[in-house]
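What follows is a walk through one structure, beginning at a single residue and moving outward to the elements around it.

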Amino acid sequence: MTRIAINGAAGRMGRELVIACQRNESLELAAAFEAPGSDAVGQDAGRLATGEDAGVAIASADDRDASAFDVLVDFTRPEPCLSAIDDCVAGGAAIVIGTTGFDAQQMKSIDKAAGQIVVVMAPNFSAGVNLTLKLLETAAKALGDSVDIEVVEAHHRHKVDAPSGTALRIGEVLADATGRNLDDCAVYARHGHTGERERGTIGFQTIRGGDIVGEHTVLFAGDGERLEITHKASSRQTFASGAMRAAAWAADKPAGRYDMNDVLGLGKD
Ligand SMILES: NC(=O)C1=CN([C@@H]2O[C@H](COP(=O)(O)OP(=O)(O)OC[C@H]3O[C@@H](n4cnc5c(N)ncnc54)[C@H](OP(=O)(O)O)[C@@H]3O)[C@@H](O)[C@H]2O)C=CC1
Ligand SMILES: O=C(O)C1=N[C@H](C(=O)O)C[C@H](O)C1
């Protein structure tokens with residue numbers, strides 16, 4: 001059995017991860033962590049997630065001992081995730097990262113850690129989104145510069161980063177497929193007298209509201225026709241079960257940086 005630890009166990013995704021871990025027969029919930037000082041510290045991780053005890057008390061992230069688990073699954077925020085990575089490097093554990101919103105410097109730290117431990121990182125652990133990335137690559141290669149490309153994403157009111165990590169990954173896939181550099185062609189906001197749209201740009205539109213779990217649409221808008229490719233998540237369990245699949249996969253891999261394509265055997269984007 002692979003011993004799993006969940007960081008941010010009381011969060012929206014943390015509670016779903018506890019459930020997904022309990023449903024996966026190859027995994028054992030070995031530890032759970034929350035922010036130091038959180039009301040959740042000391043509570044049973046299962047009771048918070050399902051109302052039934054799992055026999056695992058949530059501990060403070062300050063007290064983490066990574067020799068007590070094989071794989072840590074982190075869906076928190078960039079800073080607590082980086083602390084968790086340090087602990088995993090110290091204890092030789094693997095890490096599955098679902099957290100989004102890292103800056104370029106933070107990404108370098110993650111790459112450095114992947115020289116020492118297994119790091120599986122994906123902005124979206126649903127199988128459907130990762131398949132969607134393949135469809136988008138095919139569409140972008142076929143349609144190329146003959147269309148205007150816009151990425152529209154919608155999430156719940158509590159989400160703190162924008163555009164979503166998935167939307168940014170979609171942007172990278174579209175840019176690579178059309179021979180562009182996303183840093184040069186992304187348009188993240190429009191307001192006022194913007195002038196006409198430039199053909200080579202990739203636009204991003206962000207919607208935040210209510211309890212939307214996560215929706216991504218790419219518009220390939222041409223003259224006389226428009227192709228739209230959409231993925232809609234209706235339950236966070238799709239992300240959680242994907243992350244647990246990644247954790248089981250990670251357990252016997254050599255150190256390195258991996259993504260969901262590796263886990264699903266889809267090949268590189
Ligand atoms: N890759 C994927 O498939 C998906 C990724 N995500 C990403 O996962 C992340 C979390 O999302 P969500 O669950 O909605 O967010 P939540 O805010 O509900 O959960 C984050 C949890 O982390 C806790 N936390 C904060 N600081 C620490 C710390 N130092 N140590 C341990 N835990 C800490 C928070 O506690 P407190 O509230 O007390 O601060 C909270 O319980 C986001 O970046 C989101 O974009 C989400 C869904 C799918
Ligand atoms: O914060 C969320 O909820 C989600 N975040 C991820 C992202 O930023 O892409 C994935 C998912 O869409 C839900």
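In this predicted model, His156 is partly exposed, because 14 other C-beta atoms lie within 10 Å of its own, a count that falls between the limits of 12 or fewer for an exposed residue and 20 or more for a buried one. His156 sits in the loop that runs between β7 (148–155) and α6 (165–177). When neighbours within four places in sequence are set aside, the contacts of His156 are with Gly210, Asp211, Ile212 and Val213.

The UniProt record, in an unreviewed entry, places the feature "binding site" at His156 together with Gly165 and Thr166. Of these annotated positions, Gly165 belongs to helix α6. Gly165 is likewise partly exposed, since 19 other C-beta atoms lie within 10 Å, and a residue is counted as buried only from 20 or more. Apart from residues up to four places away in sequence, Gly165 touches Thr100, Gly101 and Pro123.

From the loop that holds His156, one can turn back to β7 and follow its strand pairing. β7 pairs with strand β9 (residues 202–208) in the parallel sense, over seven bridges, and within this pairing Val152 has Gln205 of β9 as its bridge partner. Strand β9 also pairs with strand β8 (residues 186–187), again in the parallel sense, here over two bridges; in that pairing, Val187 stands opposite Gly203 of β9. Strand β9 therefore has parallel pairings with both β7 and β8, each resting on at least two bridges, as strand pairing requires.

Conventions
Residues numbered from 1 in each chain as written. Chains lettered and ligands numbered in written order. Predicted model: local features only at pLDDT ≥ 70, side-chain atom pairs only at ≥ 80, totals over all residues. UniProt positions renumbered as here; feature names shortened; annotations may be inferred. Helix = DSSP H or I, 4+ residues; strand = E, 2+ residues; numbered from the N terminus. Contact = placed C-beta atoms within 7 Å.
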